[in-house]
Amino acid sequence: MFENKSALVTGGSNGIGQATAIALAKAGANVLISDVDADNGAETVRLIEADGGTASYITADVSNEDEVKTMMDAIVDRYGTLDIAINNAGIGGGMGRIHEQETDAFERVMTVNVKGTWLCMKYEIPMMQQNELGGVIINLASVAGLVGFPGNAPYSASKHAVIGLTKSAALEFASKRIRVNAVCPSFTDTAMVGNLVDEAPQLADNVRVASPMRRMGTAEEIANTIVWLASDQASFINGVALAADGGLTAM
């Protein structure tokens with residue numbers, strides 16, 4: 001599906017990012033994984049290579065412009081081009097009502113989730129404009145970017161912003177053969193959600209009761225959605241915030 005194409009997956013060491021990197025490599029892409037977790041990044045590369053795929057890792061903080069530039073240079077140096085960009089890196093923030101949230105925590109969520117996504121697109125898009133066939137960008141948002149998330153308003157605000165960035169970029173570059181979409185998972189069985197559940201144990205039961213499917217999603221289910229959206233099978237889908245939520249936002 002993605003033979004002779006290169007893909008970047010930010011936040012690719014764990015969870016949805018790791019599952020997506022593995023799925024893209026299995027579909028034939030050469031994958032550059034970036035993260036701040038070098039140990040798990042190396043493990044993800046090992047898993048891909050053990051299955052016959054091609055991958056490499058670079059440590060990069062997407063909220064740091066110089067590190068984003070270095071990351072872009074790395075994918076060109078290693079694979080020659082950038083065809084697919086999965087802007088997955090993000091943080092969850094802590095639980096608490098709006099007046100209980102700390103300013104530093106709010107700013108950190110916004111810096112990583114919003115500025116980080118913007119910075120990645122800022123440098124991905126010029127690279128894709130050089131490609132004859134353009135490219136595909138998929139930003140990881142959340143159902144919390146489609147509806148409110150009581151108890152974690154900063155995270156919800158950041159993911160609403162990611163969707164705004166996605167739609168604006170999609171309109172700006174649709175005629176340049178660059179598709180930009182967002183995927184909006186609901187609660188997924190990952191370490192980040194696990195940390196939220198540790199902080200608010202009732203959350204796990206609440207999610208299961210609230211979800212029409214009575215369960216969390218898996219990282220592999222979200223990865224499969226991303227791979228499809230990056231493929232030519234989704235060639236006319238642009239500017240969409242696609243909910244992968246087991247029906248949560250249909251209620």
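Trainee: Are helix 1 and helix 8 roughly parallel or oblique to each other?

Mentor: Welcome! This is a predicted model. In it, helix 1 (residues 15-26) packs against helix 8 (residues 219-230) at about 50°, and their axes are 8 Å apart. Angles under 35 degrees would count as roughly parallel, so the term for helix 1 and helix 8 is oblique.

Trainee: Which residues of helix 8 make the contact with helix 1?

Mentor: Start on the helix 1 side, where Gly15, Ile16, Ala19, Thr20, Ala23 and Leu24 take part. By class, this contact of helix 1 with helix 8 has nine nonpolar, two polar and one charged residues. The helix 8 residues you asked for are Ala219, Glu220, Ile222, Ala223, Ile226 and Val227.

Trainee: Is the crossing of helix 1 and helix 2 left-handed or right-handed?

Mentor: Let us place the pair before naming the hand. Helix 1 and helix 2 (residues 38-50) have axes 10 Å apart and pack at about 25°. That angle makes helix 1 roughly parallel to helix 2. Their crossing is right-handed.

Trainee: How many residues in the contact of helix 1 with helix 2 are nonpolar?

Mentor: Helix 1 brings Gln18, Ala21, Ile22 and Ala25, and helix 2 brings Asn40, Thr44, Leu47 and Ile48. Within this contact, three residues are polar and no residue is charged. The nonpolar count is five.

Trainee: Are helix 3 and helix 4 roughly parallel or oblique to each other?

Mentor: Look at residues 65-79 for helix 3 and residues 103-129 for helix 4: their axes come within 9 Å and cross at roughly 30°. Helix 3 passes helix 4 in a right-handed crossing. Since angles under 35 degrees fall in that class, helix 3 and helix 4 are roughly parallel.

Trainee: How many charged residues are in the contact of helix 3 with helix 4?

Mentor: From helix 3 come Glu65, Val68, Lys69, Met71, Met72, Ile75 and Val76, meeting Leu119, Cys120, Lys122, Tyr123, Glu124 and Met127 of helix 4. The contact of helix 3 with helix 4 has nine nonpolar residues and no polar ones, and its charged residues number four.

Trainee: How far apart are the end C-alpha atoms of helix 4?

Mentor: Helix 4 has 27 residues, so at 1.5 Å a residue it should span 39 Å. The value in the model agrees with that expected span. The end C-alpha atoms of helix 4 are apart by 38 Å.

Trainee: Where is the kink in helix 4 centred?

Mentor: Follow helix 4 along residues 103-129. The kink in helix 4 is about 30°. Its centre is Lys115.

Notes. Residues numbered from 1 in each chain as written. Predicted model: local features only at pLDDT ≥ 70, side-chain atom pairs only at ≥ 80, totals over all residues. Heavy atoms only, no water. Axes fitted to C-alpha atoms, helices over the stretch in contact; angles between N-to-C directions. Helix = DSSP H or I, 4+ residues; strand = E, 2+ residues; numbered from the N terminus. Parallel < 35°, antiparallel > 145°, perpendicular 65-115°, else oblique. Left-handed = near helix turned anticlockwise from the far one by under 90°. Contact = heavy atoms within 4.5 Å. Nonpolar A, V, L, I, M, F, W, Y, C, P; charged D, E, K, R; others polar. Expected span 1.5 Å × (residues − 1). Bend = angle between axes of the 7 residues up to and from the residue.
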